[in-house]
Every structure is written in C-alpha cells, then in structure tokens.
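Thanks for asking for a second pair of eyes on this one. Here are some notes to read alongside the model, in numbered points.

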Amino acid sequence: MAFALRNLFSPKCYRQICAASRCNSIYQETFSTKNADITEAVTLEHPKPSPGGTKLVISDSCKKRLLEISGNGRSFLRITVEGGGCSGFQYKFDLDSKLNCDDIVFGEENAKVVIDSISLEYCAGATVDYHTELIRSGFRMLANPQAEQGCSCGSSFSIKLD
C-alpha cells in the first residue's frame, strides 16, 4: 500500500528530477507546448522526523546482523509497509543500496535502516529487531505503538483508529 501511495504522490518524473538534483527542495520541470517551452518551479516539502518525535528504535541484535550483511555499509535494510497480510498491513524487509528522496535514515554508519515517510507513519516508535530461532531467523518489528493487533507470525498488523 505504501508503495502504491508513494507512486501516486511521487510520479516517476519527480523521482528522476529529484535524483538528479540530489533531493533539493526546489526543482524545475520543463513542459513542452506547441507554442513555446514553459518552465515552472515547484517547491516540495520533504517530511522529516521531528528531533524528539517520530523515529525507529534499532535493537543491538539488528545492528549486529546489519554489520554482518551490509557489505561495509554499501547496502542497508529497507522497511516498507504494504497492504496485505492477515491483519491488513504487512512489513516488508529488503536489502537495498539506493536511497529515494522520501527516505529517512536511522542507525549508524554501517548499520543503516531506511524507511519512506509514508511507511514511517504506520510504525513510528516501533523497534526493529533481528530474531533467531531454531526454525527461522529474520528482521521483525516489536512494540509498534501504531498497531492495534497483529497476527501470530508477527509480519502483519492492523492500525489503531482514532
């Protein structure tokens, strides 16, 4: 769901222009018409976490595992919240090496966790953990204050409604 919303509110040309300008808050886009070229400047607001507010907590086990698999900081853990799963929303964990304009970075130099601003709204204040069991191991979200309930597998949740 976050992927669909991000693509809806951030068209492909926005991503290309933003990448070219290194995420400056003002960019220019040229529109061609039959008579002349028109250039329009658009100001973008990139949501960032407030200093004492919106954040993710990264556990020591998560940092340790990211240091092992990140390739000396070349890649990072990307968290995305999507629609689906047995409770309505699900967490998606991927290793990535490309930052997008709406990404917010948490963690240390070689153990980074990246989440887009829309997904962060669904899991602000949660803890990212790496858990190992006999039958499986993987990243997971703990103590998500935005989640009302989750399924037993821990990968899907439903949000609290005000």
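1. How many disulfides does the count come to? The count comes to zero disulfides. Please keep in mind that this is a predicted model, so every value below is computed from predicted coordinates. Two of the cysteines make a nice contrast. Cys62 is buried, because its relative accessible area is 0%, under the 20% that burial requires. Cys86 counts as exposed, because its relative accessibility is 62%, and the cut-off for exposed is over 50%.

2. Now the overall picture. The chain has four helices and 11 strands. Of its 162 residues, 36% are buried. The accessible surface comes to about 10000 Å², and carbon and sulfur atoms account for 51% of that surface. If you look at contacts between residues at least 6 apart in sequence, 50% of them join residues at least 24 apart.

3. One sheet to trace on your screen is an open one of six strands, in the order β6-β7-β4-β5-β11-β10, with mixed pairing. Its edge strands are β6 and β10 (residues 147-150), each of which pairs on one side only. From one strand to the next, the twist averages 35°. Helix α3 (residues 60-69) packs on this sheet and touches β4, β5, β6 and β7. The direction of α3 makes about 100° with that of β7.

4. Strand β7 (residues 111-116) deserves a closer look. Is β7 mostly covered or mostly open? Mostly covered: five of its six residues are buried. With β6 (residues 103-108), β7 pairs in the antiparallel sense over six bridges. Gly107 faces Lys112 of β7 in this pairing, and a hairpin of two residues links β6 to β7. With β4 (residues 76-84), β7 pairs in the parallel sense over three bridges. There, Leu77 has Val113 as its bridge partner, while Arg78 stands opposite Val114. As a reminder when you follow such a strand by eye, side chains in a regular strand alternate between the two faces of the sheet.

5. A second open sheet has three strands in the order β3-β8-β9, again with mixed pairing. Why do β3 (residues 57-58) and β9 each have one side without a neighbour in the sheet? Both stand at the edges with a single partner strand, so one side of each is left free of a sheet neighbour. β3 and β8 run parallel and are joined by two bridges, with Ile58 of β3 matched to Val128 of β8. Helix α3 packs on this sheet too, touching β3, β8 and β9, and its direction makes about 70° with that of β8.

6. The other pairing in that sheet is between β8 (residues 127-132) and β9 (residues 137-142). These two strands pair in the antiparallel sense over six bridges. Tyr130 of β8 stands opposite Phe139 of β9. Together β8 and β9 form a hairpin, with four residues between them.

7. Next, the interior. The largest nonpolar core has 25 residues, and Leu56, Ile79, Val113, Cys123 and Met141 touch the most other members. Elements giving two or more residues to this core are α3, β4, β5, β6, β7, α4 (117-123), β8 and β9. The largest share, four residues, comes from α4. As general background, nonpolar side chains tend to be buried together in soluble globular proteins.

8. Which residues is Met141 in contact with, leaving aside neighbours within four places in sequence? They are Leu56, Ile79, Tyr91, Phe93, Cys123, Ala126, Thr127 and Val128. Leu56, Ile79 and Cys123 are also named among the core members that touch the most others.

9. Finally, have a look at Ser87, which lies in the loop between β4 and β5 (residues 88-96). Is Ser87 buried or exposed? Ser87 counts as buried, because its relative accessibility is 19%, and the limit for burial is under 20%. Not counting residues up to four places away in sequence, Ser87 touches Gly150, Cys151, Ser156, Phe157 and Ser158.

Conventions
Residues numbered from 1 in each chain as written. Predicted model: local features only at pLDDT ≥ 70, side-chain atom pairs only at ≥ 80, totals over all residues. Heavy atoms only, no water. Buried < 20%, exposed > 50% of the residue type's maximum accessible area, 1.4 Å probe, protein only. Pairing = 2+ DSSP bridges. Contact = heavy atoms within 4.5 Å. Areas by Shrake-Rupley, 256 points an atom, 1.4 Å probe, with all protein chains shown as cover. Disulfide = S-S within 2.5 Å. Axes fitted to C-alpha atoms, helices over the stretch in contact; angles between N-to-C directions. Core = buried A, V, L, I, M, F, W, Y, C linked by side-chain atoms within 4.5 Å.
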